[in-house]
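Me: I would like to go through some of the labels attached to this structure and check each one against its definition. Please show it to me.

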Amino acid sequence: MTSVLIVEDDPKIRATLLFQLREEGFAPAGVTFAEYALLEMKKSLPDLLILYIRLPGMCGVELVPQLVKEERLPPTVIFSVEA
């Protein structure tokens with residue numbers, strides 16, 4: 001089963017993505033902050049990273065170079081939602 005890590009601070013958007021991915025047969029997990037994603041990805045590298053660009057603390061754009069530096073960047077989708 002394909003593992004997916006969702007990094008999204010909005011609980012409604014995160015819950016929707018988690019639900020949709022489960023329905024499609026993926027094994028998703030979700031975290032609120034980029035810093036949490038770093039910790040999770042030290043334990044286990046997901047097959048896919050879905051990353052919101054504007055996060056509190058470290059933003060999504062800052063997370064990518066950190067993962068590249070640690071040689072832990074999986075295939076990644078970076079997104080933004082405009083209200």
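Reply: What covers the buried residues of helix 3 includes helix 2 (34–43), strand 3 (48–52) and strand 4 (76–79). Helices (H or I, at least four residues) and strands (E, at least two) are DSSP runs, numbered from the N terminus. The model is predicted, so local features need pLDDT of at least 70 and side-chain atom pairs 80 or more, while totals for chains, interfaces and linings use all residues. Residues are numbered from 1 along each chain as its sequence is written, and side-chain values use heavy atoms, without hydrogens and water.

Me: Which residues of helix 3 are buried, and what makes them line one face of the helix?

Reply: They are Gly60, Leu63, Val64 and Leu67. Down the helix axis they fall within an arc of 105° (taken from the directions from the axis to the C-beta atoms), so they line one face.

Me: Why does Val61 count as partly exposed?

Reply: Buried means under 20% relative accessible area, exposed over 50%, and partly exposed in between (1.4 Å probe, protein chains only). Val61 has 47% relative accessibility, so Val61 counts as partly exposed.

Me: What makes helix 2 roughly parallel to helix 3?

Reply: They pack at about 25°, with axes 10 Å apart; axes are lines fitted to C-alpha atoms over the stretch in contact, and angles run from 0 to 180 degrees between N-to-C directions. Angles under 35 degrees count as roughly parallel, over 145 as roughly antiparallel, 65 to 115 as roughly perpendicular and the rest as oblique. Helix 2 is therefore roughly parallel to helix 3.

Notes:
Contact means heavy atoms within 4.5 Å.
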